[in-house]
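This report describes the fold of one protein chain, going from the whole chain to its sheet, its helices and a few single residues. Please read it alongside the sequence and the structure.

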Amino acid sequence: MLRLLLFLLYVIVFAVLMIPVFILWIFVRDGANHLVHRIVQAMMKGAAVSYMWLAGIRPEVKGLENIPEEPALFVSNHTGIFDVGAAYATVKSPTAFIGKIQAKKIPVIGQAMGLMNGLFLDRDNLKQGLQVVLSAIDHVKNGISIWVCPEGTREKEGTPTDLLPFRAGCFKIAVKTGAPVVPVVIIGSRDLFEAHKPWISGGKLKIIYGRPVYTDELPDEAKKHIGEYFRNIMIDMIKEEMQG
């Protein structure tokens, strides 16, 4: 109960501290620059680390050495709301997240994502989805990494290896820019909240960064089924971690 009260208090304090973010958004909503992006990302990283600590979540990060210096396409699984916090807490260079269009309407969070060059995808609008991919390509060319969950939605049931089919469209970001694809697996997120909501349970959250893969070096068969190729890589990463 004390942990829950502390977490609720943090939510209130976080909302107050994010007021400067909202003010920034009012003035630069038409295009976030690199400086604003870095400032807001640093704030969100601090917020993510803080709320995970208050919630009793112990993040365990592996493979940080696999994150390249150049802009990359990070592709991760998605099992719970704490996935986003894990991502914010561990990325280093400016990184823009692709989220569902509904996230744009979340107070403060939507504005913060916008200031970090975030992109909002409408899954029911093919034309808008194409525009999101094109915008993401421009971001990478301008030195900003992209983080996307190619399953398209959260996994609601099953074991950690039961990943939903990957949507191949997001991999065009890497194909068209030559940026490396970094597979990321997050294990334990669902057990922290979704498995017994509305209660938050402290515990271990694993974030594992795999080795970067350059799509132009892939065999033709892998290029043809690129979504399935990276899905299999991530399933193998999860199995290896669970067996280890």
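## Overall fold

Among contacts in the protein chain with a separation of 6 or more, 74% are between residues 24 or more positions apart. The model is predicted. Its secondary structure comes to 10 helices and 7 strands. The chain has 244 residues, and 47% of these count as buried.

## The sheet

The 7 strands form an open sheet with mixed pairing, in the order 1-7-6-2-5-3-4. Strand 1 (57–62) and strand 4 are the edge strands, and each of them pairs on one side only. From one strand to the next, the twist averages 20°. As a general point, the strands of a sheet pair through backbone hydrogen bonds, in either a parallel or an antiparallel way.

Both kinds of pairing can be followed from strand 1 inwards. Strand 1 and strand 7 run parallel and are joined by 6 bridges; one pair of bridge partners is P59 and L205, the latter in strand 7. Strand 7 and strand 6 run antiparallel, with 4 bridges between them. Here V184 stands opposite Y209 of strand 7. Strand 6 (residues 181–187) is also joined by 4 bridges to strand 2 (residues 73–76), and these two run parallel. In that pairing V75 stands opposite P183 of strand 6.

Strand 7 (residues 203–209) is largely enclosed by the rest of the structure, because 5 of its 7 residues are buried.

## Helix packing

Two packed helices are described by the angle between their axes and by the distance between those axes. For helix 3 (residues 34–54) and helix 4 (residues 82–90), the axes come within 8 Å and cross at roughly 125°. Helix 3 is therefore oblique to helix 4, an angle over 145 degrees being needed to count as roughly antiparallel. The crossing of helix 3 past helix 4 is left-handed.

On the helix 3 side, the residues that meet helix 4 are M44, K45, A48, V49, Y51 and M52. Their counterparts in helix 4 are F82, G85, A86, Y88 and A89.

Helix 6 (residues 126–141) packs against the sheet: it lies across strand 3 (95–100), strand 4 and strand 5 (145–148). Helix 6 runs at about 160° to strand 4.

## Cysteines

How many disulfides are there? The count comes to 0. A disulfide needs two cysteine sulfur atoms within 2.5 Å. The sulfur of C149 has its closest cysteine sulfur in C170, at 9.4 Å, so it is too far for a bond. Seen from the other side, the closest cysteine sulfur to that of C170 is in C149, again 9.4 Å away and too far for a bond.

The surroundings of these cysteines can be given as accessibility. C149 is partly exposed, with a relative accessible area of 24%, whereas C170 counts as buried at 11% relative accessibility.

## A residue with positive phi

Most residues other than glycine have a negative phi. N117 has a phi near 60°, a positive value in a residue other than glycine.

Where is N117 placed? N117 is in the loop between helix 5 (109–115) and strand 4 (119–121). Is N117 buried or exposed? N117 has a relative accessible area of 11%, and so it counts as buried, the cut-off being under 20%.

How values were computed: Residues numbered from 1 in each chain as written. Predicted model: local features only at pLDDT ≥ 70, side-chain atom pairs only at ≥ 80, totals over all residues. Heavy atoms only, no water. Buried < 20%, exposed > 50% of the residue type's maximum accessible area, 1.4 Å probe, protein only. Pairing = 2+ DSSP bridges. Axes fitted to C-alpha atoms, helices over the stretch in contact; angles between N-to-C directions. Contact = heavy atoms within 4.5 Å. Parallel < 35°, antiparallel > 145°, perpendicular 65-115°, else oblique. Left-handed = near helix turned anticlockwise from the far one by under 90°.
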